[in-house]
Amino acid sequence: MAPIISIRNLTKTYANGFQALKGVDLDVERGEILALLGPNGAGKTTMISIVCGIANPSGGTVLVAGHDVVKDFRATRSLIGLVPQELTTDQFETVWNTVSFSRGLYGKKANPAHIEKVLRDLSLWEKRDNMLRELSGGMKRRVLIAKALSHEPEILFLDEPTAGVDVTLRKDMWRVVEKLRQSGVTIILTTHYIEEAEEIADRVGVINGGKLLLVEDKTALMAKLGRKQLILDLAEPLAALPHRLAGNGLSLGAGGNTLVYDFDAEHEQARVAALLTGLAAEGIHFKDLSTRQSSLEDIFVSLVGADK
């Protein structure tokens, strides 16, 4: 099946000479959740703006369901819903009216049943007659999602969807996103919260300095780039590592009470066994052991750091 979004050699250079995007290639599959990670100024919002038709590219092509975003703007825009970072809402309008109005902007006929479904799915039904100024920040963000879904798009862009939202509401929002995916909506989100990508994304893209460093299945990425640490709590502190055990990823923790061994979980299981045997041979005993798997945040930091 052809990707629902296909980006090839996408570039964006502003009038002042700043290169926001540098030859980005990306395919987004139908029905997936793709998380784009990157620091401020990495190019995430610029790329979304171009796909959504808000900004023009300097070069390259973007196809949405086979339609060019520049040559066939109306067709592509009708397929896309965008939830921006900023809480831009008419404070003196009701929830029902603002969401219904958004549907009309796309030339869609009134459909109260659809608007009701969207509001119920986002737990906004009880607030339908409230003015937006009466809502909390989290509820206002839900209204932005409702507006983006009002015209029944196939693709939903969420630009920092949980920025400024407390942890409880953030996790609630994750459940909303998963429910949308189950209904067939393709979701692309940008986020600063690594745990957000780790929790809900199918694939993860890392962008920095206008370049897409990688796009990988989340599980495969963590298996390929993730490292593990074996942490041994020693029965007796060591002043230094025995010569025969020094190096090869083994280090002595502060105070000499722990040994830490960094290893590749996929390929070095045999070396862990050899290490334990070596410790026994040196008369070094431990009272407890634990392992720590590299998180997506560790991988992100290492990739962005290596790109500088």
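**Exercise 1. Backbone angles**

Is A65 partly exposed, or is A65 buried, judged by relative accessibility? Determine also where A65 and N9 are found and what phi each takes.

*Solution.* This is a predicted model, in which local features need pLDDT of at least 70 and side-chain atom pairs count only at pLDDT 80 or more, while totals for chains, interfaces and linings use all residues. Residues are numbered from 1 along each chain as its sequence is written, and side-chain values use heavy atoms, with hydrogens and water left out.

Step 1. The classes of exposure are set by relative accessible area: buried is under 20%, exposed is over 50%, and partly exposed is in between (1.4 Å probe, protein chains only). With a relative accessibility of 28%, A65 is partly exposed.

Step 2. A65 belongs to the loop between strand 4 (59-64) and strand 5 (67-68). Helices (H or I, at least four residues) and strands (E, at least two) are DSSP runs, numbered from the N terminus.

Step 3. Most residues other than glycine have a negative phi. A65, which is not a glycine, has a positive phi near 50°. N9 is likewise not a glycine and has a positive phi of about 50°. N9 lies in strand 1 (residues 5-13) and is partly exposed, at 48% relative accessible area.

**Exercise 2. The chain as a whole**

State how many helices and strands the protein chain has, and what share of its residues is buried.

*Solution.*

Step 1. The protein chain has 10 helices and 14 strands.

Step 2. Of its 308 residues, 44% are buried.

Step 3. A contact means heavy atoms within 4.5 Å. Among contacts between residues at least 6 apart in sequence, 68% join residues at least 24 apart.

**Exercise 3. Salt bridges**

Trace the salt bridges of E32, E178 and R181, and locate each partner in the chain.

*Solution.*

Step 1. A salt bridge is a side-chain nitrogen of Lys or Arg within 4 Å of a carboxyl oxygen of Asp or Glu. The whole structure holds 9 salt bridges.

Step 2. E32 pairs with R203 at 2.7 Å, N to O. This pair links distant parts of the chain, 171 residues apart: E32 is in the loop between strand 2 (19-28) and strand 3 (33-37), and R203 is in strand 9 (residues 203-208). Both residues, E32 and R203, are buried.

Step 3. E178 forms a salt bridge with R181, with the closest N and O atoms 3.0 Å apart. Both lie in helix 6 (residues 167-182), 3 residues apart, which is about one turn of the helix. E178 is partly exposed, at 25% relative accessible area.

Step 4. R181 also meets D202 in a salt bridge, at 2.4 Å, N to O. Here R181 in helix 6 is linked to D202 in the loop between helix 7 (194-200) and strand 9, 21 residues apart. D202 is partly exposed, with a relative accessible area of 24%.

**Exercise 4. Nonpolar cores**

Identify the residues that touch the most other members of the largest nonpolar core, and examine I145.

*Solution.*

Step 1. A nonpolar core is a set of buried Ala, Val, Leu, Ile, Met, Phe, Trp, Tyr and Cys residues joined through side-chain atoms within 4.5 Å. The largest has 38 residues, of which L119, I145, L156, L158 and I187 touch the most other members.

Step 2. Helix 5 (residues 137-149) gives the most to this core, with 6 residues.

Step 3. Beyond its neighbours within four places in sequence, I145 is in contact with V83, L122, L156, L158, M173 and L180.

Step 4. Another core, of 27 residues, lies apart from it and includes I48, C52, I155 and I188.

**Exercise 5. Helix 3 and T186**

Establish which residues of helix 3 are buried and what they pack against, then describe the surroundings of T186.

*Solution.*

Step 1. In helix 3 (residues 95-105), the buried residues are V95, T98, V99, S102 and R103. Seen down the helix axis, they fall within an arc of 145° (taken from the directions from the axis to the C-beta atoms), so they line one face of helix 3. They pack against helix 4 (112-121) and helix 5.

Step 2. Just after helix 3, G107 takes a positive phi of about 75°.

Step 3. T186 is located in strand 8 (residues 186-191) and is buried, with a relative accessible area of 1%. Its side chain reaches the backbone nitrogen of G31 at 2.7 Å. Not counting residues up to four places away in sequence, T186 touches residues including I4, G31, E32 and L156.

How values were computed. Polar contact = N/O pair within 3.5 Å; in protein donor to acceptor, adjacent residues only side chain to side chain.
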